[in-house]
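Dear colleague,

I am passing on the structure we spoke about, which you will find just below. Please look through it alongside my notes, which follow.

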There are 2 protein chains.
Amino acid sequence: MNSERIRSNPKNLNLEDIARKAGVSRSTVSRVINNEPYVSQRTREKVMAVVQQENYAPNPAARTLVTRRTRVIGVVIPTSIQLVFEDSAYFPALLQGVVDVTNTRDYATLLWWGNSEADEQTLYNRILQQNRLMDGLILASIRTDDALIAHLMRMKVPFVTVERPTTYHSEISYVTVDNVEAAENAVKHFIDIGRRRIATITGALNNPDGQDRLLGYRLALEKAGMPVDEALIADGQFRYQTGYEMTKGQLLPLNPDAIFAASDVMAHGAIQAIHEAGLRVPEDIAVIGFDDLPTAMQSKPTLSTVHLPVHERGFVAASILLDLIEGKTQETRQVILPTELVIRESCGTHLRPVSK
Amino acid sequence: MNSERIRSNPKNLNLEDIARKAGVSRSTVSRVINNEPYVSQRTREKVMAVVQQENYAPNPAARTLVTRRTRVIGVVIPTSIQLVFEDSAYFPALLQGVVDVTNTRDYATLLWWGNSEADEQTLYNRILQQNRLMDGLILASIRTDDALIAHLMRMKVPFVTVERPTTYHSEISYVTVDNVEAAENAVKHFIDIGRRRIATITGALNNPDGQDRLLGYRLALEKAGMPVDEALIADGQFRYQTGYEMTKGQLLPLNPDAIFAASDVMAHGAIQAIHEAGLRVPEDIAVIGFDDLPTAMQSKPTLSTVHLPVHERGFVAASILLDLIEGKTQETRQVILPTELVIRESCGTHLRPVSK
DNA sequence: CATCAGCGTGAGAGCGCTCCCAGATTCAGG
DNA sequence: CCTGAATCTGGGAGCGCTCTCACGCTGATG
């Protein structure tokens with residue numbers, strides 16, 4: 001046990017008590033606590049000694065009441081359990097990026113996580129009602145035309161989204177990745193290694209990420225002068241099950257030689273369907289996913305995929321938010337982080353080398 | 001947009017303002033807001049009308065200052081990033097269970113998540129300093145002999161742990177599963193279907209979960225009158241990579257016909273090593289994992305494993321904590337949730353039916 | 001020696017709420 | 001009609017802090 005290294009304040013003393021014990025006024029203790037100037041070195045040390053000895057910590061509620069600052073930020077994840085559960089690495093990584101910042105800059109992180117889409121409205125109401133609990137918000141997977149965002153802007157609550165905004169482009173701060181370019185690079189890689197019947201399984205198309213990844217697929221084919229066959233585009237909704245079903249029912253009968261899936265879990269579903277049909281990956285059909293989840297390295301064959309800087313996304317979003325809150329930045333900021341195509345076994349690069 | 005359904009309080013009115021507009025006193029508005037008796041129906045409606053119209057929400061800091069309640073609970077996850085990242089489904093599921101409760105009972109959830117083991121002490125200090133921010137805590141993966149727990153008890157902060165405690169058995173509340181029995185059942189199943197050289201890959205043995213699962217393995221063999229060969233026990237630390245390496249380097253040369261892994265990710269690592277050695281799962285070596293992650297259903301062969309009620313664990317822990325906070329329960333509570341052996345392809349049950 | 005800027009300290013007000021107490025009103029029962 | 005209990009309402013204190021202001025002190029400057 002290392003009790004002596006931990007501070008706590010069992011007696012719940014207040015500023016007044018500390019002042020009395022140190023023989024100074026409440027104001028002076030406040031100045032010392034907040035590291036303000038105009039306190040003599042002698043007094044400062046005297047007060048600090050008492051503070052240490054009594055394990056005094058100021059009451060956050062009293063502080064907030066007058067400063068109107070809480071040193072707490074909120075992270076809003078309205079997503080229902082299904083998506084979170086399958087793509088379970090995304091939110092932990094994002095949150096880890098956020099807490100990396102809040103831990104070092106001494107903020108606390110309040111988690112607003114929905115349990116079902118039906119309750120989304122209830123969650124938003126609670127967040128708005130309790131907005132004085134937080135100095136600012138990070139919004140994950142929230143449509144920018146959502147009423148929540150309009151309210152936050154009106155109430156002047158600082159916030160940063162980690163989604164490509166569909167409106168307010170320069171009025172709100174966001175951190176995202178170039179999904180179009182990332183998808184384009186993946187499909188271009190298929191073309192470069194000689195694949196010709198390239199199919200895609202899209203994500204949910206009401207989602208900017210889903211839309212952009214499909215756009216990248218189209219652009220890559222067009223730029224290569226190849227026709228876009230709409231039949232080779234299957235709607236997969238980001239999910240394992242639909243990835244499997246769409247491959248089995250829609251794509252395999254059309255004999256594709258490559259599949260670009262807009263998420264890793266759909267890619268794994270596709271591979272499962274391909275194997276069940278007695279075909280090989282990547283020899284018969286090459287596959288590239290999107291996300292680079294830990295499972296990409298663990299599957300057989302290992303999955304080629306687009307690596308997303310998820311941790312960095314949370315990190316940058318939190319950094320921007322705190323700068324906004326602390327007034328270090330006045331203007332909104334828009335950040336687009338780079339992605340990387342990670343080549344593993346499933347895309348068949350080792351079979352037919354890039355033709356330059 | 002559905003702005004009209006969302007409430008917000010842009011003008012930041014206070015009780016006094018509402019009272020003036022409603023033509024009553026501050027006290028009366030307070031009674032209405034808090035749904036207290038001794039307010040006439042007429043007055044109540046008059047006040048509610050103004051509250052609705054102005055989208056008034058009470059200031060939580062002011063409220064907390066006098067009630068000493070925050071309606072916020074904290075969830076502490078000191079675990080470093082590596083473990084979280086591989087076994088990434090565990091904490092989201094646990095958190096989801098917690099927020100299911102906090103959402104319906106109108107509490108907010110503060111996330112204390114460490115970024116490295118080195119900073120664990122710093123994190124604990126921050127939690128203790130800021131303890132007045134929360135009404136209680138849920139502690140995940142924290143050793144019960146940790147100094148943090150001693151401090152919380154001394155400060156009379158209500159808390160519930162989701163780990164088998166190593167001390168204070170009846171003094172603290174916890175929610176856990178019977179790891180010993182679960183592991184015993186898994187190994188017993190191997191024995192029942194005729195496997196005789198049963199190996200195990202253990203979790204981290206400084207962890208109660210890891211210890212108990214190994215104990216269950218030993219008990220199953222002993223009860224069946226089979227010898228425990230220490231060479232067939234490999235230390236896997238819960239991780240994919242070590243699961244793979246231990247199987248390849250230590251276990252395969254000993255020709256086991258079954259492997260019980262103390263986590264799914266290790267089981268997947270083991271299967272990978274078995275396949276690379278040109279052997280088949282489950283024909284040559286049967287495998288059972290532990291956790292029942294979503295990936296268990298997606299691998300090939302699908303993974304037999306012990307299903308853990310992780311969501312329920314968070315749910316029950318949060319329920320107990322809120323009961324404790326609200327005084328609905330005085331005493332601590334200890335809950336052991338049931339596990340379930342989920343039979344899929346990797347354990348070979350379909351090959352050699354249970355011999356009764 | 002008077003003046004004044006700058007440092008160091010303390011007193012008082014007030015953030016927005018809850019809670020206690022006192023007073024007003026209503027109404028049943030003798 | 002009076003009494004006392006129950007119901008309703010308002011005023012005041014106070015939770016623990018920050019922030020503004022005023023005041024005393026020091027030492028440099030003209």
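Helices here are DSSP runs of H or I that are at least four residues long, and they are numbered from the N terminus. Please keep in mind throughout that this is a predicted model.

With that definition in hand, I begin with a salt bridge inside one helix. K188(B) and D192(B) both belong to helix α9 (residues 179–192) of chain B, where they sit 4 residues apart, about one turn of the helix, and their closest N and O atoms are 3.3 Å apart in a salt bridge. K188(B) counts as partly exposed because its relative accessibility is 45%, within the band from 20% to 50%; D192(B), with a relative accessible area of 24%, is partly exposed as well.

Other salt bridges link parts that are distant in sequence. In chain B, D323(B) pairs with R105(B), with 3.0 Å between the closest N and O atoms. D323(B) lies in helix α13 (residues 310–325) of chain B and R105(B) in the loop between α6 (90–104) and β2 (108–113) of chain B, so that the pair links distant parts of the chain, 218 residues apart. D323(B) is buried, at 15% relative accessibility, whereas R105(B) is partly exposed, with a relative accessible area of 23%. In chain A, a network of salt bridges links R105(A), D323(A), E326(A) and K328(A).

Chain A also has a salt bridge between the side chains of R344(A) and D292(A), at 3.1 Å from N to O. Because R344(A) is in the segment after β12 (340–342) of chain A and D292(A) is in the loop between β9 (286–291) and β10 (304–307) of chain A, this pair ties together parts that are 52 residues apart in sequence. Both R344(A) and D292(A) are buried. Over all chains, the count comes to 26 salt bridges.

Turning to contacts between the two protein chains, I would point you to N103(A), which lies in helix α6 (residues 90–104) of chain A. N103(A) counts as buried because its relative accessibility is 15%, under the 20% limit. The side chain of N103(A) makes a polar contact of 2.9 Å with the side chain of R126(B), and, once its neighbours within four places in sequence are left aside, N103(A) is in contact with W113(B), G114(B), N115(B), L123(B) and R126(B).

Which residues come nearest to DNA strand C? Of the 27 residues around DNA strand C, they are R26(A), R31(A), R68(A), L15(B) and Y56(B). Sugar and phosphate make up 62% of the atoms of DNA strand C that come within 4 Å of the protein. A polar side-chain atom of Y56(B) is 2.4 Å from a phosphate oxygen of the strand, a polar side-chain atom of Y38(A) is 3.1 Å from a phosphate oxygen, and an N or O atom in the side chain of T43(A) is 2.6 Å from a phosphate oxygen.

The surface near DNA strand C draws at least two residues from each of α2 (26–33) and α4 (60–67) of chain A and α2 (26–33) and α4 (60–67) of chain B, and α4(B) gives the most, with 5 residues. By type, the residues of this surface divide into 11 nonpolar, 11 polar and 5 charged.

Finally, the domain assignment of chain A gives domain 1 (14–55), domain 2 (72–178 + 310–339) and domain 3 (179–307). The centres of domain 1 and domain 3 of chain A, taken over C-alpha atoms, are separated by 64 Å.

With best regards

Methods:
Residues are numbered from 1 along each chain as its sequence is written. Chains are lettered from A and ligands numbered from 1 in the order in which they are written. This is a predicted model: local features need pLDDT of at least 70, side-chain atom pairs count only at pLDDT 80 or more; totals for chains, interfaces and linings use all residues. Side-chain values use heavy atoms; hydrogens and water are left out. Buried means under 20% relative accessible area, exposed over 50%, partly exposed in between (1.4 Å probe, protein chains only). A polar contact is a pair of N or O atoms within 3.5 Å; within protein, one must be able to donate a hydrogen and the other to accept it, and residues adjacent in sequence count only if both atoms are side-chain atoms. Contact means heavy atoms within 4.5 Å. Domain bounds come from an automatic or database domain assignment. A residue is near a molecule or strand if one of its heavy atoms lies within 4 Å of it. Ala, Val, Leu, Ile, Met, Phe, Trp, Tyr, Cys and Pro count as nonpolar, Asp, Glu, Lys and Arg as charged, and the others, Gly among them, as polar. A salt bridge is a side-chain nitrogen of Lys or Arg within 4 Å of a carboxyl oxygen of Asp or Glu.
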